[in-house]
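This briefing covers overall shape, strand pairing, ring contacts and backbone angles. The structure comes first, and the notes follow by topic.

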Amino acid sequence: DRSFDKKIDSVDYFKNKKRICHESMDDAGRKKRIIYFDAQEQTLKIKTDTDSDGIFDTVYNFAHGKLKDSTKDSNNNGRIDVWQNFKNDRLINQRVDHDEDGIIERIVTYNLKGMPKESRHDLDKDGKMEIIRKYADGEIIEEKKDLNLDGIFEIITLFENALPSIKKEDSNFDGKFDIFFRYKDGTIKTQEKDTNFDGKKDFFCTFDNQGSVLKIREDTRHTGEIDRIRFFKNGVIVKIESDADHDGYMEKRSLFKKGKIAFQVEDKNRDQKDDTKICFNKKGEKTHVKVDTDLNGQFDTFQYYKKDLLVSMEKDGNNDGKIDLKVFYKNEKMVRLVKDINLDGKFESTHWFNRPGWSVVIEIDVNLDKNPDSIIWYKHGKKRKQKVDNNLDGKFDLIEYYDENGKLVKSEEDDGNSGTINITWFFNEKEEAVRAAKDTTKNGKMDTWYFYNNGILTSVEEDSNGDGKPDLWEEYDESEALVKRLQDLDFDGTPDIEEES
C-alpha cells in the first residue's frame, strides 16, 4: 500500500526469492490483472479483466519474454471466442468465433504496423471462408466473394478511401462478369449489365447524387441498339420511352405521376404528332384511348374503359370532326353498335351482338321513327335472314331467307303494295328463281304458282276456285311468250280445254 490509505492496489508473490506472480486491483479491491513470471522472471502469462466485472476475460501468453498469443471471452460467458497470435510483440493474426458455435467466422492478418492486411469471412457459417478483404494502411482496398466456393470469385469490389469505387459481379457463375458498378465518394453512380450473358452490355443505369436511380437505358432485344429508356426522379419513375418497331426512333412514351402511369402516347409515323394517347386514372387503370388510325394528325377513334375493361368505342370515319360510329361492350364483348350511315349526325343503323342464336343482328331505321326499316340476321359471318320495309309504312314487305353459305334460298314479298305478304319465291344454288307461289285473292292461301328455268318463266298454274288445286295451266317459251293454255272447267283435276298460241 504505497499511498498509505490502507487500500492494497497490487500484490507480488515470490518463490525462492524470485517473483512468480503480480496481481493488480481496482478501486473496489478486485483483481483486474495477474501477471505470471517464469524462472528468469520474464513474463509468462497475463490474465486481464478488461471490463472490471470481476471475471478475467483475456489471457496473454508469452515465450522468452515476448508476446506469443492471446485468447479472449468477449461476452464473459466462460467461452473463448477470440484468438490472436503475435510475432516480436506485434499482432500478426486474429480468429473470431462470433456466435461461439465452434466455427471461425473471421480471420484477420496484420502488417508490421499492427494494421489489418487481409481478412477472411464465413458469413453463411458453413466453415468455409467465402469473402476475402484486403487492406492498405488499415483501410480496405478490395473485397472478393466466392459465393459458391468453387475457387472463383463472383463479386469483386475495389475501394478508395475505404469507400467502394468499382464493383463487378458474375451473376450466373459462368466465370464472366456481367454486372458492373461504379461509385463516387462511396455513392453509386452507374450500373451496367449483360442480361442475356452474350458478352455484350445491354442495360445501363445512372444514379443521382443520393444514390437513387436517375435513368435506365436498355437493349431489350439484344441487337446492340437501345430501344427503351426509363427516367426517374428521386428514385421514382416519371417517364418511359421505347422503340417498339425497331427503327431506332422512340415512338412510344409513357408518363407517370407518383410512380403510377398517367398516360401513354405513340407516334408511329415519326411526324412528331401523337397517333395514340392512352389515359389512366390515379389507380393506374386505363380510362380512355384516342387513336389517329389514318395518321393524318387528327384523332378519329376513341375508346372508353371502366376498371380497365373496355365499355365503349366511338369513331369519326370520314374525319369531319363528328362521331359516326359507336360500339358498346359488356365484359369486353361487343353488345351493340350504332352507325350514322348517311353522315347526317343521326345514327340509323344498330348492330346487336347479343341476340340468342345469331352472331349479329342489324337493324336500320332510315326515318328514325323507332321502327326498323330493315333487319338482317347473321350467323357465323353469313347472312341468314333479312326483312325490309321498302315503303317505310312500318310493315315489312320483303323477307329473305339464306342458307348456311349465305346464298338466297327463299323470299316473301308484298307484291303490288297489298299490305300483306302475298308471294313467295324459291331460288336454286345460283340464286336464280326456280318457282314462286302467290296469294292473289288476299285470303292467306296461295292460288298461283310460277315456274322458272335459268331465270326464264316456263309455266304458270292457277287455282281459281280456292280449293288448293290448280285448274288453269299456262306454258311459255324461252322468250316468255304464252304457247299453251289448259283449263279444268269442272274442277275435277283434268283439263277440259286446251289452247295453243
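Two strands count as paired if DSSP finds at least two bridges between them. Strand S20 and strand S21 (residues 252-257) meet that condition, because four bridges join them; the two run antiparallel. The model is predicted, and its protein has 41 strands and zero helices.

**Overall shape**

- The radius of gyration is 50 Å, whereas the globule rule gives 23 Å for 501 residues, so the protein is more spread out than a compact globule.
- The C-alpha trace spans about 170 × 50 × 45 Å along the principal axes of the protein.
- Of the contacts between residues at least 6 apart in sequence, 5% join residues at least 24 apart.
- Buried residues account for 33% of the 501 residues.
- The accessible surface is about 30200 Å², and carbon and sulfur atoms contribute 48% of that surface.

**Strands S19, S20 and S21**

- Strand S19 (residues 228-233) pairs with strand S20 (residues 236-242) over six bridges, in the antiparallel sense.
- Across this pairing, Ile 229 is opposite Glu 241 in S20.
- Two residues separate S19 and S20 in their hairpin, and Asn 234 in the turn has a positive phi of about 55°.
- On the pairing of S20 with S21, Ile 240 has Ser 254 in S21 as its bridge partner.
- The charged end of Lys 239 sits over the ring of Phe 231, at 4.7 Å from the ring centre. Phe 231 falls within the residue range of S19, and Lys 239 within that of S20.

**Strands S35, S36 and S37**

- S35 and strand S36 (residues 433-438) run antiparallel and are joined by five bridges.
- Thr 424 stands opposite Ala 437 in S36.
- The hairpin of S35 and S36 has five residues between the strands; Glu 431 in this hairpin takes a positive phi near 60°.
- S36 also pairs with S37, again in the antiparallel sense, over four bridges.
- In that second pairing, Arg 435 has Phe 451 in S37 as its bridge partner.

**Aromatic rings and charges**

- A search of the whole structure gives three aromatic pairs.
- In the pair of Trp 425 and Tyr 452, the ring centres are 5.6 Å apart and the planes are at 45°, so the pair is tilted; tilted is the class for planes that are neither under 30 degrees apart nor over 60.
- Trp 425 is in strand S35 (residues 423-427) and Tyr 452 is in strand S37 (residues 448-453), so the pair ties together parts that are 27 residues apart in sequence.
- Trp 425 and Tyr 452 are both buried.
- Elsewhere, Arg 355 lies over the face of Trp 352, 4.4 Å from the ring centre.

**Positive phi in loops**

- Asn 161, a residue other than glycine, has a positive phi near 55°.
- The loop that holds Asn 161 runs between strand S13 (155-160) and strand S14 (163-169). Asn 161 is exposed because its relative accessible area is 66%, where exposed means over 50%.
- Asn 319 is not a glycine either, and has a positive phi of about 55°.
- Asn 319 is found in the loop between strand S26 (309-315) and strand S27 (325-330). With a relative accessible area of 23%, Asn 319 is partly exposed.

How values were computed:
Residues numbered from 1 in each chain as written. Predicted model: local features only at pLDDT ≥ 70, side-chain atom pairs only at ≥ 80, totals over all residues. Heavy atoms only, no water. Phe/Tyr/Trp six-rings, centres within 6.5 Å; stacked < 30°, edge-to-face > 60°. Buried < 20%, exposed > 50% of the residue type's maximum accessible area, 1.4 Å probe, protein only. Lys NZ or Arg CZ within 6 Å of the ring centre and 35° of its normal. Rg over C-alpha atoms; globule rule 2.2 N^0.38 Å. Contact = heavy atoms within 4.5 Å. Areas by Shrake-Rupley, 256 points an atom, 1.4 Å probe, with all protein chains shown as cover.
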